[in-house]
Amino acid sequence: MKEYYEGYWSPAIDVSEHDVTTPERMRRLIDTMGQYCRSGSRVLDLGCGAGSFSAALHRHGYEVLGTDIAENAIALARTTYPEASFELLGPDGLIPAPDQSFAAVWSSEVIEHVFDVDAYLREIHRVLEPNGLLVLTTPHHGLIKNLGIVLWKFEKHFNVHGNHIRYFTRPALEQCLSQCGFQSLSYGGIGRFWPVYRSWFVTAKRAA
């Protein structure tokens, strides 16, 4: 599995620079953190990639740890943003932190790449404080958009050689969050417009 993700980050380039939703995700993240977390709170950027979101959180006064499963990604992040802290995830995606270490977890465009979604969410649950905040984004799939994909872009969207291995409707994501100990707070969209948003923007809290 590790070889798969290393291949995704080879060559090591900042893919967020080419994502048109990056500025909006950045703005929504900072606004959400300001609403739920005090300055100085510990925040985990899970699946940090090249580290741009970790660096932004650091600039806004949060104590941030960026983590990724790919050594290539962590090396790039450390080189590009030496002011922030980055660590490699352990075997099978284990987060290098004790239980209840973080006030919030940010995980953007990651869950759709994960083989074991329940293990991923339970590991987030483990490191979050009680009532801690989870903020995640993942490609949006709603009924109208899904019908359009099936009719006109099925082969391209579900490319068998693509790197997305999960596709989340709101009910599917809600079920995953609930069964792993999270209470959803909000669902929104980023990029384009309803009903063809590019991604979900979801907030949830670690249930007591």
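Select H141 and display its surroundings: leaving aside neighbours within four places in sequence, H141 is in contact (heavy atoms within 4.5 Å) with N146, I149, H157, Y167, F168, T169, R170 and W200. The model is predicted, so local features need pLDDT of at least 70 and side-chain atom pairs count only at pLDDT 80 or more, while totals for chains, interfaces and linings use all residues. Residues are numbered from 1 along each chain as its sequence is written, and side-chain values use heavy atoms, with hydrogens and water left out.

H141 lies in the loop between strand 5 and helix 6; helices (H or I, at least four residues) and strands (E, at least two) are DSSP runs, numbered from the N terminus. With a relative accessibility of 4%, H141 counts as buried; buried means under 20% relative accessible area, exposed over 50%, and partly exposed in between (1.4 Å probe, protein chains only).

Next, add H157, whose side chain is joined to that of H141 by a polar contact of 2.8 Å. A polar contact is a pair of N or O atoms within 3.5 Å; within protein, one must be able to donate a hydrogen and the other to accept it, and residues adjacent in sequence count only if both atoms are side-chain atoms. Then show P139, whose backbone oxygen lies 3.3 Å from a polar side-chain atom of H141.

Proceed to I144, in helix 6 (residues 143-152). I144 is partly exposed, at 47% relative accessible area.

For the interior, select L121, I124, L134, L177 and F182, which touch the most other members of the 30-residue largest nonpolar core. Such a core is a set of buried Ala, Val, Leu, Ile, Met, Phe, Trp, Tyr and Cys residues joined through side-chain atoms within 4.5 Å. Helix 5 supplies the largest share of this core, 5 residues. Centre on I124: setting aside residues up to four places away in sequence, I124 touches L46, I95, V105, L134 and F182. A second, separate core of 17 residues includes L29, M33, C37 and V135.

Finally, inspect the backbone. A cis peptide bond, with omega about 10 degrees, joins W194 and P195. P195 is in the loop between strand 6 (182-190) and strand 7 (199-206), where R192 is also found. Phi of R192 is near 60 degrees, a positive value in a residue other than glycine. Select E109 last: its phi is near 55 degrees, and E109 is buried at 18% relative accessible area.
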